[in-house]
Amino acid sequence: MELEEKNPDPKYGESRKFDPNFKGPIHNRGCTDILCCILFILALLGYFAVGILAWSQGDPRKVIYPTDSRGQFCGQAGTPLEKKRLLFYFNILKCASPLVLLEFQCPTTQLCVESCPDRHLTLVKAKLGNKEDREYYKQYCKDGVDFAKLSPPEILRDSLCPAMLMPSKPFTRRCLPALGTMKGGVVVVGNETSFSDGEGNNINATDVLEASKKSNVVVEARQVAMRIFEDYTQSWHWILLGLVIAMVVSLIFIVLLRFLAGVMVWVMIVLVILVIGYGIFHCFMEFRSLKGEPGADVTIRDLGLQTDFSVYLQIRQTWLAFMIILAIVEVIIIMLLIFLRKRILIAIALIKEASRAVGHVMSSLFYPLLTFALLAIVIAYWAITAVFLSTSNEQVYKVFNKTDCDYSRETCDPKTFNTSNVSAQCPDAECLFAFYGGETLYHKYLILFQFYNVFLFFWCANFVTALGQVTLSGAFASYYWAFKKPEDIPAYPIFASLGRALRYHTGSLAFGSLILSLVQVIRVFLEYLDHKLKGAQNKFAKFLLSCMKCCFWCLEKCIKFLNRNAYIMIAIYGKSFCPSARDAFFLLMRNIVRVAVLDKVTDFLLFLGKLLIVGIVGIFSFFFFSGRIKAVEEAAPSLNYYWVPILTLVVGSYLIAHGFFSVYAMCVDTLFLCFCEDLERNDGSSERPYFMSPELHEILSKTKRVEEDGNAVEVGQKAQCISVA
């Protein structure tokens, strides 16, 4: 049976004509999209300039060390404060001020100290007490305070010492009150419910609790980050071993797919169903085991946000949510498999052909390593530049006072403050470090530098991805258009394709990745607006923003699909980006049924393969790090959050599996486009033979029958509707 497409719609362009000289990717080609290539190079030079500027102005110590009221870093090596690692607040009660939430700085003097106070002591008691008390108290005062010459009112007036000390404990390098609770929920500080503040006032422990919460509004997130970092230091070698195992499993799976494609696809489908089914069973057993346990019936909403995420695993609602989510995923996969059962048989044949192509271009399996390395460089450069940009602000000092003052919260200079009019008009005012900022030209445009850093990150990352797609598609196109395989396949097809991409098509790759990056940056901006409008009451604005987010998400997916196929046409014909995108789109539209029957079903099967590898690694890592495997229980590291290495392994194994399976996905897409081109160019006769294998010819026959069956069903349904009417 002669298999030809129906007359294509003329609006999708003309079909390819027979060309006896066409033998695959064209070697005689020229540079494309030169203007965009120049623009990309200039953008990279600007990116390097921003990085150098950020590295010269930034100071990462600002996010590592706490800063005292004079802007000095506590505990910084090589400074007089090297041994004074902790930050001490003169009056922690002032941290309850709303100013903390505005400027993230308590309006009280802050001092670097070696250790936190461990007793309650007032300035008056220390002044009148023995020498030991005075020496102990002086370590929490500014340098040069003379207790013998100055009276307590003079010391407090000049803010040389705190009015009192209270028992404190170090928390994220800050001395915070040693709060506790007695029976009945009574809050205490050092076993005391109330105490004197040294100025004749009686302070309740609950007031100190509120101040401590406000002073810690920023550092709680840092504490969680420190615990996560500590978990990484304890488990990094196990994480590395797990990623190696994920790589080995992915490689074994790909090799087996090369020789046993049909069997492996069905094994993969069955295992995915079993793995998700086991996840449902495990969640149900955990849900049932918590029945009747104290506190297990607390809801997630009542629990609120907790820094110790293991608490959520102690309530039944968490496991119920996991079980429902996995059950929904299981049902969706099973339903898709049922409805796509005929198309799956056709897609398996296409995967077999892709396996043969990968077998002849084995170096393609290792190309993802180059992509990973380049993406790692891009991510590292972006992250380092972002840190230096965010820490390139200068120290800003402001006027803090106890009584009314016209200069309150204005910017000041601590070097000249004591001789200025402010100190004369407001005797109790102080010039204290407030936050990091700046008013220079550099600081005014700092937000633009951050935006440029984000934009170039997307552009470079998309360019690296595009380079990999063009390289792989060029190599697999060389395989397809080789009439005698493997004799006609060029030597080192990966290196030859990579050379052509970099030499001739850097501009086209930059053009395609630029379009995608613009959409991604807009999506980031919309997410930023959504975050800012969370507290707004304007329902229409929220609805409009949600619609825009949905539209740009769809647009990003469409552009990725068009870019991917445009890169394949660039690799084959060497044209510019726009003509290649147009040719690829028209070719797909002329074969739209085959796109639905073959290409997307194959992508779904490859996605199941990634899901299987992630599921296997995730389940074993969960049992290992949670200490549920008795044989290796002692080898498991002691962690604050055992979900940290588990999530890292799940994400890492998915990226590794995606890297290996992306080779297959690119191979399938390339063979599919070449396949459609082959059908239009040739008719299978001796003068115009197909370049496709007999197996691919059989795929086309099955696809044609599926199309005809679908049309017959549609005609029958229409006839039935007419007869009923």
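Q: Where is L606 placed in this predicted model?
A: In this predicted model, L606 belongs to helix α21, which covers residues 592–625.

Q: What makes L606 count as buried?
A: A residue is called buried when its relative accessible area is under 20%. L606 has a relative accessibility of 3%, and therefore counts as buried.

Q: Which residues does L606 touch, leaving aside those up to four places away in sequence?
A: L606 touches F661, Y664 and A665. A contact requires heavy atoms within 4.5 Å. In the same part of the chain, the C-alpha atoms of L606 and S662 are 8.6 Å apart in space, while 56 residues separate the two in sequence.

Q: How do you know that the span of helix α1 agrees with its number of residues?
A: Helix α1 holds 24 residues, 34–57, and at 1.5 Å a residue it should span 34 Å. Its end C-alpha atoms are 35 Å apart, which agrees with that expectation.

Q: Which residues of α1 are buried?
A: The buried residues of α1 are C36, F40, A43, Y47, V50, G51 and A54. In an α-helix there are 3.6 residues a turn, so residues three or four places apart point the same way.

Q: Where does UniProt place the feature "transmembrane region"?
A: The UniProt entry, which is unreviewed, places this feature at residues 34–55, 236–256, 263–281, 319–340, 361–384, 456–483, 604–627 and 639–666.

Q: How much of residues 263–281 is helix, and how much is strand?
A: The span is 100% helix and 0% strand, with its end C-alpha atoms 27 Å apart. For residues 361–384, the chain is 75% helix and 0% strand, and the end C-alpha atoms lie 37 Å apart.

Q: How many disulfides does a search of the whole structure find?
A: The search finds 3 disulfides. A disulfide is a covalent bond between the sulfur atoms of two cysteines.

Q: What makes C74 and C112 a disulfide?
A: The cut-off for the two sulfur atoms is within 2.5 Å. The sulfur atoms of C74 and C112 are 1.9 Å apart, and the pair forms a disulfide. The pair links distant parts of the chain, 38 residues apart: C74 lies in the loop between α2 (61–64) and β1 (86–89), and C112 in strand β2 (residues 110–113). The link is left-handed, with -75 degrees about the S-S bond. C74 counts as buried because its relative accessibility is 0%, and C112 because its value is 4%.

Q: Why is the disulfide of C116 and C175 called left-handed or right-handed?
A: The torsion about the S-S bond of C116 and C175 is about -90 degrees, so this disulfide is left-handed. Their sulfur atoms are 2.1 Å apart. The pair links distant parts of the chain, 59 residues apart, with C116 in the loop between β2 and β3 (121–122) and C175 in strand β6 (residues 174–177). C116 is buried at 11% relative accessibility, and C175 is buried with a relative accessible area of 4%.

Q: Why is the disulfide of C141 and C161 called right-handed or left-handed?
A: The torsion about the S-S bond of C141 and C161 is about 120 degrees, so the disulfide is right-handed. The sulfur atoms of C141 and C161 are 2.0 Å apart. C141 lies in the loop between α5 (131–138) and α6 (152–157), and C161 in the loop between α6 and β4 (164–165), 20 residues apart. C141 is buried with a relative accessible area of 4%, and C161 counts as buried at 3%.

Q: Why is the sulfur of C667 too far for a bond with the closest cysteine sulfur?
A: The closest cysteine sulfur, in C674, is 9.6 Å from the sulfur of C667, which is therefore too far for a bond. C667 counts as buried, at 0% relative accessibility.

Q: Which helix has the lowest mean pLDDT among the elements of the chain, and which has the highest?
A: Helix α3 (residues 99–103) has the lowest mean pLDDT, 39, and α1 has the highest, 92. Over residues 97–104 the pLDDT is below 50, and this stretch has 21 contacts in the model beyond near neighbours in sequence. The average pLDDT of the chain is 76, and 74% of the residues score at least 70.

Note on methods:
Residues are numbered from 1 along each chain as its sequence is written. This is a predicted model: local features need pLDDT of at least 70, side-chain atom pairs count only at pLDDT 80 or more; totals for chains, interfaces and linings use all residues. Side-chain values use heavy atoms; hydrogens and water are left out. Helices (H or I, at least four residues) and strands (E, at least two) are DSSP runs, numbered from the N terminus. The expected span of a helix is 1.5 Å times one less than its number of residues. Buried means under 20% relative accessible area, exposed over 50%, partly exposed in between (1.4 Å probe, protein chains only). UniProt positions are given in the numbering used here, feature names are shortened, and annotations may be inferred rather than shown by experiment. pLDDT is the predictor's confidence in each residue, from 0 to 100.
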